[in-house]
Amino acid sequence: MTIEEIQKEYETNAPLFNKILNDVEQHIVKWEYYRGPFYEITPFSYQRYGYQQGRLVKDIVRLKTMRNILGYGFDVNGNIIEVKEGLGIPEAYNYEFIFKGSKEISILNYNNRKVLRNISFYTLDVNKNIVNSTSKCKFT
């Protein structure tokens, strides 16, 4: 994907938060919550020194705050299609929407004010390794 193409995708998806959220959440069949990151969204993203996976939160209702709680939404095929990151503010989340194809991964990252912060495209080879990555971001 070229810089011009990703710029166009960014401009197209920036105002569509509510539509994307509704479309994605219609396909979610299961939620899992963890204190800290647990799953790899892109291949080899957790291969760094000192990384520790998050701990499973068994009863989300008993938590006093959602700060640093990550919710992973799964579709019927077991693919992660949404990640919600809890903030210190009640009912405030940062959102990642993940769209996986056979040879690519697209990730849209929105902040709690529904502003598109980052759009990333990853091209994968036959072994599901990243061959190319392209991103467009906005500092807010």
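Biologist: Before we look at the sheet, when do two strands count as a pair?

Modeller: In this predicted model, strands are DSSP runs marked E. Two of them are called a pair if the number of bridges that DSSP finds between them is at least two.

Biologist: In what order do the eight strands of the open sheet lie?

Modeller: The sheet is open and its pairing is antiparallel. Read across its eight strands, the order is β2-β1-β3-β4-β5-β6-β7-β8.

Biologist: Why is one side of β2 and of β8 left without a neighbour in the sheet?

Modeller: Strands β2, residues 55–56, and β8, residues 130–137, each have a single partner strand, so one side of each has no neighbour in the sheet. The reason is therefore their place in the sheet, which for both strands is at the edges.

Biologist: Which helix packs on the sheet and touches β6, β7 and β8, and what angle does its direction make with that of β7?

Modeller: The three strands include β6 at residues 104–110 and β7 at residues 116–124. The helix that touches them is α1, formed by residues 3–13, and its direction makes with that of β7 an angle of about 135°.

Biologist: How many bridges join β3 to β4, and which residue in β4 stands opposite Tyr-72?

Modeller: Strand β3 covers residues 69–74 and strand β4 residues 80–86, and the two run antiparallel, joined by five bridges. Opposite Tyr-72, the residue that stands in β4 is Val-83.

Biologist: Is Lys-103 buried or exposed?

Modeller: Lys-103 sits in the loop between β5 and β6, and, leaving aside residues up to four places away in sequence, Lys-103 touches Tyr-122, Thr-123 and Leu-124. Its relative accessible area is 54%, and since the term for a value over 50% is exposed, Lys-103 is exposed.

Biologist: What is the volume of the largest pocket, and which elements each supply at least two residues of its lining?

Modeller: The volume of the largest pocket is about 180 Å³. Its lining has six nonpolar, two polar and three charged residues, among them Ile-20, Asp-23, His-27 and Phe-99. The elements that each supply at least two residues of this lining are α2, β4 and β5.

Biologist: Which strand gives the most to the lining of the second largest pocket?

Modeller: The second largest pocket holds about 160 Å³ of space and is lined by 13 residues, with Ile-41, Leu-70, Val-83, Glu-85 and Glu-96 nearest its centre. Two or more lining residues come from each of β3, β4 and β5. The strand that gives the most, with three residues, is β5.

Notes
Residues numbered from 1 in each chain as written. Predicted model: local features only at pLDDT ≥ 70, side-chain atom pairs only at ≥ 80, totals over all residues. Heavy atoms only, no water. Helix = DSSP H or I, 4+ residues; strand = E, 2+ residues; numbered from the N terminus. Contact = heavy atoms within 4.5 Å. Axes fitted to C-alpha atoms, helices over the stretch in contact; angles between N-to-C directions. Buried < 20%, exposed > 50% of the residue type's maximum accessible area, 1.4 Å probe, protein only. 1 Å grid on protein atoms, 1.4 Å probe; cavity = no way out; pocket = protein on both sides within 12 Å on 5 of 7 lines; lining within 4 Å. Points joined across faces, edges and corners; volume = space filled by probe spheres on them. Nonpolar A, V, L, I, M, F, W, Y, C, P; charged D, E, K, R; others polar.
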